[in-house]
Amino acid sequence: MSTLADGKTTAAHDGLAALESGRSTAETFGIPLAVLAEVTHRCPLQCPYCSNPVELDRAGSELTTEEWKKVLSELAEIGVLQIHFSGGEPTARKDLVELVRHASDVGLYSNLITSAVLLNREKLAALADAGLCHVQISFQGNEPVVADRVAGFKGAHAKKIEVAKWTRELDLPLTVNAVMHRQNLFQLPDIIQMAVDLDADRLEVANVQYYGWALKNRAALMPTLEQIEEASRIVEEAQMRLKGTLAIDYVVPDYYALRPKKCMGGWGRQFFNISPAGKILPCHAAETITGLEFESVRSNHSIAWIWQNSEAFNRYRGTGWMPEPCKSCEFKEVDFGGCRCQAFALTGDAGNTDPACTLSPLHEKIFKLAEAEAAGDNNRFIYRNFAGGTPETDGDHGT
Amino acid sequence: MAASRNISVSETSRPKLPRHTRLKFDETRQVWVILAPERVLAPDEIAVEVLQLCDGVRSVADMVDQLAAKYLADRGAIATDVIVMLQDLADKGFLTEARESTS
């Protein structure tokens, strides 16, 4: 589920500009083209950079099959075109085939964002028969020693390889999602080759973004500047070499950027996700911001009403909420002040300039801290789980 | 396997949309869209007309004949435009080729 941890998925909709032309996106916020459905927070993996909130939704609070089907119908009706089934691990839900079939029936293009470890060939074939259009599998490395340790799940890597092969055998397009950090960046050339060998159409080289679980694990994950520069070179070379064979999307960790990322394409501008319990959120990490009330699909309001009118969506929409230095910044319509969740996590106020920006008064301090962490030797993870996290011990090696 | 992605469009090609790509009329926005992994494209009217002919059975030559007859236009000019457009879509992964029949 790291795809959206970087806010890049939404930015990749190059058709959006065409669809939105003729009206000002600063004034009007049309219904998003794609929505992320986090159907559960349950997941057998324990990746220390998980993009789910640290406070996970319990199984008992998840929307029912009928509730999700109603949501899917409503999304199609208001103009959403694509649905990403994500989590947690979406295949942990026994009704996933039924939900995918329903998405197809109402005309939604469906994408499965999966860790793959719970899939077997029959289940994948059933999903394909139900109309699934695309599969994205996360990889934690290019071989089991690193990958299974990061995932906190023995045998995960071998299973992912197997499922990736079935995906192509079933003629489904495959995206390999590789989440990168200090402890696996050395494998990047091999990961690119792995994606080619698996006959993937796309590879996402997504550097960890640091909020939620990843922020807890920042000292163990933060890459050095040298690593990032090397990775950028490797990706650039591979993009040229593999043109027409493998498309590579690359996301730099914004701690090492001069300007913050255009997170989610701007708060409430072109994306929302639905949490397992049915909350409509401007991004998957938005619940980390305390003091914002998010409306649920279980409320009396329609999804379109929540998108257009709810206080949480309107709080940081547009540019009117911005303080200095954003307010008078020439880039305010370019990056929209960066990431609200990161601003909250690092400054305590989601309305501040994202400290990833060099113009933030806190940038220097945070960058120096990250640099010190990257140079440090704390390599132990805190694994993601419903208990609030478990520190890695000497005995843990993907068990 | 990956070879299907590097197709070279010519008059004998029989292009079609790959399984993971859908051409659909978006009722909400009143435009045609191409849906693909992580992407939504808005093709123009001419592209839509050509794409609707890409069924994996018709050859590019057939399409060009059909379009030239319909628009009473110069066949050579249409052929050039259609091939350039299809090649561009193919390079972006929105078009594939029907498997060669070995007869």
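Select helix H6 (residues 144-151) and helix H7 (residues 156-169) of chain A, whose axes come within 8 Å and cross at roughly 105°; helices here are DSSP runs of H or I with at least four residues, strands are runs of E with at least two, and both are numbered from the N terminus. The axes are lines fitted to C-alpha atoms, for helices over the stretch in contact, and the angles run from 0 to 180 degrees between N-to-C directions. H6(A) and H7(A) are therefore roughly perpendicular to each other, on a scale where angles under 35 degrees count as roughly parallel, over 145 as roughly antiparallel, 65 to 115 as roughly perpendicular and the rest as oblique. To see the contact itself, show A:Pro144, A:Ala147, A:Asp148 and A:Ala151 of H6(A) together with A:Ala156, A:His157 and A:Ala158 of H7(A); two residues are in contact if their C-beta atoms, placed from the backbone, lie within 7 Å.

This is a predicted model, in which local features need pLDDT of at least 70 and side-chain atom pairs count only at pLDDT 80 or more, while totals for chains, interfaces and linings use all residues. Residues are numbered from 1 along each chain as its sequence is written, and chains are lettered from A and ligands numbered from 1 in the order in which they are written.

Continue from the end of H7 into the loop that leads to strand E5 (174-180) of chain A, and select A:Asp171 there. Its phi is near 65°, a positive value in a residue other than glycine. A:Asp171 has 10 C-beta neighbours inside 10 Å and therefore counts as exposed; a residue is buried if 20 or more other C-beta atoms, placed from the backbone, lie within 10 Å of its own, exposed if 12 or fewer, and partly exposed in between. Next select A:Asp199, in the loop between helix H8 (188-197) and strand E6 (202-207) of chain A, which also is not a glycine and has a positive phi of about 60°. With 19 C-beta neighbours inside 10 Å, A:Asp199 counts as partly exposed.

Another pair of helices in chain A is H3 (residues 65-78) and H4 (residues 96-105), whose axes come within 9 Å and cross at roughly 20°. That angle makes H3(A) roughly parallel to H4(A). The crossing is right-handed, the term for a near helix turned clockwise from the far one by less than a right angle, with left-handed used when the turn is anticlockwise. Display A:Thr65, A:Trp68, A:Lys69 and A:Leu72 on the H3(A) side, which meet A:Glu98, A:Leu99, A:His102 and A:Ala103 in H4(A).

Two cis peptide bonds can be visited next. A:Gly88 is in the loop between strand E2 (82-86) and H4 of chain A, and the bond joining A:Gly87 to A:Gly88 is cis, with omega about 10°. Moving to the loop between helix H13 (311-315) and helix H14 (332-335) of chain A, select A:Pro325, where the peptide bond from A:Glu324 is cis with omega near 5°.

For a buried loop position, go to A:Met222, between helix H10 (218-221) and helix H11 (225-241) of chain A. A:Met222 counts as buried because it has 26 C-beta neighbours inside 10 Å. Leaving out residues up to four places away in sequence, A:Met222 touches A:Arg182, A:Ala370, A:Glu373 and A:Ala374. A distance label between the C-alpha atoms of A:Met222 and A:Ala375, which are 153 residues apart along the chain, should read 8.7 Å.

Now select the interior. The largest nonpolar core has 137 residues, and those with the most contacts inside it are A:Val35, A:Leu81, A:Ile83, A:Phe85, A:Ala178, A:Leu203 and A:Cys341; such a core is a set of buried Ala, Val, Leu, Ile, Met, Phe, Trp, Tyr and Cys residues joined through C-beta atoms within 7 Å. Around A:Cys341, apart from neighbours within four places in sequence, the contacts are A:Tyr211, A:Cys283, A:Ala285, A:Ala286, A:Thr288 and A:Ile289.

Zoom out to the whole of chain A, which has 16 helices and 11 strands. Buried residues make up 54% of its 399 residues, and among contacts between residues at least 6 apart in sequence, 73% join residues at least 24 apart.

Finally, select chain B, which has three helices and five strands, running β-β-β-β-α-α-α-β from the N terminus on. Of the 103 residues in chain B, 31% are buried.
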